[in-house]
Amino acid sequence: MVLSLTYEGFQAFITLDPIPHVVVDARADKSKSIPFVKEQNTKVVSLDSYTDELVPEDGCVIVVTSENSSPSISSERAIVYYNTLTRPSSSPFTIEFKDCSTIMSERKSNVNDSKTVGSLVVLDVRRTDEVENFGTLKSAYHIPLHSLLQQIGQDTLSENLQAILTSTRPIVLSCRTSRRAKFSTQLLHDLGVKQVFCLDKGACGLSKFPENEMKCYKSYEISDAIPPPSDEP
């Protein structure tokens, strides 16, 4: 199984820049530009010149084709595909948001199920180092975005991801603020999840509620020094 992005999913990935990535242009005819890439100054390399050194371990490779095939690429990174022949949806998905106050109100109704937040299921897609250093919402699932893409692309779904994709409850995606959560919301919608939302203000918003024991922080890459907690993102 390969993970092929929809037109809207590819647009969201390139414009939101949710995790480090490189575009591998595997098209036979490269005379036409790849949508959205030039405007965002996205790094593009050929299939022959790609190496994993171009993408950090929490990153992703986006293989762009224009044929009805998915060229193989050797990589330990998450790999997704996009075909430039893919057309926009006739009824595009509009991302809806849940605010942090709603999440906290739902959490108060928790009884026995440790993996729900009231009537909702929350998925935190931040990296493990972010969760370990700055906390996460109790009862939330945690799957880093690069791992989410890798599991789906390799068809090796963890128990947690299987539970999320088959849940009948609304799914709420969370990250530090919103970029990763917005893309993940689009992705799960494209995978057929019927009720999926993005958490407005993410972990930094939830940190305003002392009972969460969470901290807000500035954005940083996995190779950077861990920043101190911050009042604002």
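This is a short dialogue on reading pockets, a cavity, a helix and a strand in a predicted model.

Q: Let's start with empty space. How much space lies in the largest pocket?

A: The general idea is simple: rolling a probe the size of a water molecule over the atoms shows where empty space is left. Here the largest pocket holds about 220 Å³. Its lining has 16 residues, and the closest to the centre are Pro 18, Arg 179, Arg 180, Ser 219 and Glu 221. By class, that lining divides into eight charged, five nonpolar and three polar residues.

Q: And which residues line the second largest pocket?

A: This pocket has a volume of about 180 Å³. Among its lining residues are Tyr 7, Arg 27, Asp 29, Lys 32, Tyr 82 and Arg 87. The classes come out as four nonpolar, four polar and four charged.

Q: What about enclosed space: how many cavities of 30 Å³ or more are there?

A: The count is one, and the largest cavity has a volume of about 30 Å³. Val 122, Asp 124, Ala 203 and Leu 206 are among the residues lining it. Strand E6 (121-124) and helix H7 (202-206) each give at least two residues to this lining, whose classes are five nonpolar, two polar and two charged.

Q: Strand E6 has come up now. Are its residues Val 121, Val 122, Leu 123 and Asp 124 buried or exposed?

A: In a regular strand the side chains alternate between the two faces of the sheet. In E6, Val 121 and Leu 123 lie on one side, Val 122 and Asp 124 on the other, and all four are buried, so both faces are covered.

Q: Which strands does E6 pair with?

A: E6 pairs with E8 in the parallel sense over four bridges, with Val 121 opposite Ile 171 of E8. E6 also runs parallel to strand E7 (residues 141-142), joined by two bridges. There, Asp 124 stands opposite His 142.

Q: Now a helix. What span should helix H6 have, given its 12 residues?

A: At 1.5 Å a residue, H6 (residues 179-190) should span 16 Å, and its end C-alpha atoms are 17 Å apart, which agrees.

Q: What do the buried residues of H6 pack against?

A: The buried residues of H6 include Arg 180, Phe 183, Leu 187 and Leu 188. Their packing partners include helix H1 (7-16), helix H4 (145-154), strand E8 (171-174) and strand E9 (196-199).

Q: Which residue with a positive phi follows H6?

A: That is Gly 192, with phi near 105 degrees.

How values were computed
Residues numbered from 1 in each chain as written. Predicted model: local features only at pLDDT ≥ 70, side-chain atom pairs only at ≥ 80, totals over all residues. Heavy atoms only, no water. 1 Å grid on protein atoms, 1.4 Å probe; cavity = no way out; pocket = protein on both sides within 12 Å on 5 of 7 lines; lining within 4 Å. Points joined across faces, edges and corners; volume = space filled by probe spheres on them. Nonpolar A, V, L, I, M, F, W, Y, C, P; charged D, E, K, R; others polar. Expected span 1.5 Å × (residues − 1). Buried < 20%, exposed > 50% of the residue type's maximum accessible area, 1.4 Å probe, protein only. Contact = heavy atoms within 4.5 Å. Pairing = 2+ DSSP bridges.
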